[in-house]
Amino acid sequence: MRRPRPTVNHPDPAPGILACPVRDCGLPMAVHDGRLSCAARHSFDRARQGWWHLAQPQDARSREPGDAAESIAARARLFERGLGPGVVRAVLQLAGDWSGAALDLGCGGGALLAGLHDQGARAPRHLHGVDLSDAAVRLAARRRVAAIFVANADRRLPFLESTLDLATSIDARRPRDELARVLKPGGALIVAVPAPDDLLELRAAVLGRGDALPGGDGVVAELAPRFHMVERARVEEGLTLDAAGLADLASSTYRLARLRERQRLQALPATQVWSRHDVLRFELAPTG
Ligand SMILES: C[S@@+](CC[C@H](N)C(=O)[O-])C[C@H]1O[C@@H](n2cnc3c(N)ncnc32)[C@H](O)[C@@H]1O
Ligand SMILES: [Zn+2]
């Protein structure tokens, strides 16, 4: 006889919102005896650590899909030192009160999901996180605040049409048409991206120039016409980083990842860095 899996305390997904990820299936999935399954008998085990693997073989093209374990860990350390909590607070503020189901796309180690959960009565009733990296979902599931899935946000999201009240993305994927499909009419999408002058002083010191990034305006253009922006905020977080902190920053941002840039970065003395984000709240435009 199969022994039941130790899933105690890991939140289940909201009922009636998951879609089977098997190609051309897409039927509703529900939890039965600790497994997720659809009426076509596709079924998915829950990992011992509590998350569900919904990525299909074609989604995991590289040996280590999603961000590398090293970069997930570096991001978590920087968060502890103060780069990131301000962005989470801004997302929570723009999110306001929700009673339904929320999805954090590219949830990483789950810092935002934990922040949403800690809002208590103001928090969405059901939290979900999706990431393509095993290292990320392991960290996120350990928090036991959300149902966590390995899935590829560049493919079909494993949710049924019009089932989510809130979707969030911090420095992560934001597939416009899929988000428009899974959000309910009137649902909100909150996106945080590096602002045009994110890490500007550091980029100038390391690269010899500090080009402006597309920032929030780029996201507004990218998500139109399915979403329109209703509110935005700017977050600046400053921190002095030593060599270890600068190395963490290099491995957690794609923009300073080249070897030559890393070497220059590591030759710097303790350096003040300024991380800047645009945080935007969108509403799903009504389809006409
Ligand atoms: C820069 S990190 C941001 C993580 C988290 N939102 C945070 O703020 O700490 C980007 C995340 O997106 C994930 N990711 C990359 N490609 C993905 C994909 N195709 N589908 C889902 N997640 C992906 C990475 O594994 C990583 O955890
Ligand atoms: Zn199926």
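This short presentation walks through the sheet, the cores, the ligand shell and some backbone details of one structure.

Good morning, colleagues. Please keep in mind throughout that this is a predicted model.

I begin with the main sheet. Eight strands make up an open sheet of mixed pairing, and their order is β5-β8-β7-β6-β9-β10-β12-β11. At the edges stand β5, residues 52-53, and β11, residues 227-241, each of which pairs on one side only.

Let me go through part of that order strand by strand. Strand β6, residues 101-105, pairs with β7 in the parallel sense, over five bridges. Within that pairing, A101 has H126 of β7 as its bridge partner. β6 also pairs with β9, again in the parallel sense, here over three bridges. D104 is matched there with T168 in β9. From β9 we pass to β10, and these two strands are joined in the parallel sense by six bridges. One of the matched pairs is L164 with L183, the latter in β10.

How much of strand β9 is buried? Of the seven residues in β9, which spans 164-170, seven are buried, and the strand is thus described as mostly covered.

Two helices deserve a word beside this sheet. Helix α7, residues 215-223, lies across β10, β11 and β12, and its direction makes an angle of about 25° with β12. In helix α8, residues 243-252, the buried residues are L246, D248, L249, A250 and S252. Against which elements do the buried residues of α8 pack? They pack against α1, β11, α9 and β12.

I turn now to the nonpolar cores. The largest of them holds 70 residues, and the members that touch the most others are V91, F149, L164 and L189. Strand β10 contributes the most to this core, with seven residues. Apart from this core lies another, of twelve residues, including A74, V206, L241 and A250. You will recall A250 as one of the buried residues of α8, and L164 as the bridge partner of L183.

F149 is worth a closer look. Leaving aside residues up to four places away in sequence, F149 touches W51, W52, L54, H128, V130 and P158.

Next, the ligand. Ligand 1 is surrounded by 20 residues, and the closest are G66, G106, G108, S133 and A153. Which elements give two or more residues to this shell? They are α1, residues 69-81, and β7, residues 126-131. Sorted by class, the shell comprises nine nonpolar, five polar and six charged residues. I would point out that β7 both belongs to the eight-stranded sheet and supplies residues to the shell around ligand 1.

Away from that sheet, a set of strands occurs earlier in the chain. Strand β1, residues 18-19, and strand β2, residues 28-32, run antiparallel and are joined by two bridges. A19 is paired there with P28 of β2. Strand β2 is also antiparallel to β3, with three bridges between them, and A30 has S37 in β3 as its bridge partner. Together β2 and β3 form a hairpin with two residues between the strands, and D33 in the turn has a positive phi of about 50°.

That leads to the backbone. As a reminder, most residues other than glycine have a negative phi, and most peptide bonds are trans. Two further non-glycine residues depart from this pattern in phi. The first I shall mention is R41, whose phi is positive, about 65°; R41 sits in the loop between β3 and β4. The second is L199, with a positive phi of about 55°, placed in the loop between β10 and α6.

Are these two residues buried or exposed? R41 counts as exposed because 8 other C-beta atoms lie within 10 Å, and the limit for that class is 12 or fewer. L199 counts as buried because it has 22 C-beta neighbours inside 10 Å, where 20 or more are required.

Finally, which peptide bond is cis? The bond from A224 to P225 is cis, with omega near 0°. P225 belongs to the loop between α7 and β11, that is, between the helix lying across β10, β11 and β12 and an edge strand of the sheet.

Thank you for your attention.

How values were computed:
Residues numbered from 1 in each chain as written. Chains lettered and ligands numbered in written order. Predicted model: local features only at pLDDT ≥ 70, side-chain atom pairs only at ≥ 80, totals over all residues. Near = placed C-beta within 6 Å. Helix = DSSP H or I, 4+ residues; strand = E, 2+ residues; numbered from the N terminus. Nonpolar A, V, L, I, M, F, W, Y, C, P; charged D, E, K, R; others polar. Pairing = 2+ DSSP bridges. Contact = placed C-beta atoms within 7 Å. Axes fitted to C-alpha atoms, helices over the stretch in contact; angles between N-to-C directions. Core = buried A, V, L, I, M, F, W, Y, C linked by C-beta atoms within 7 Å.
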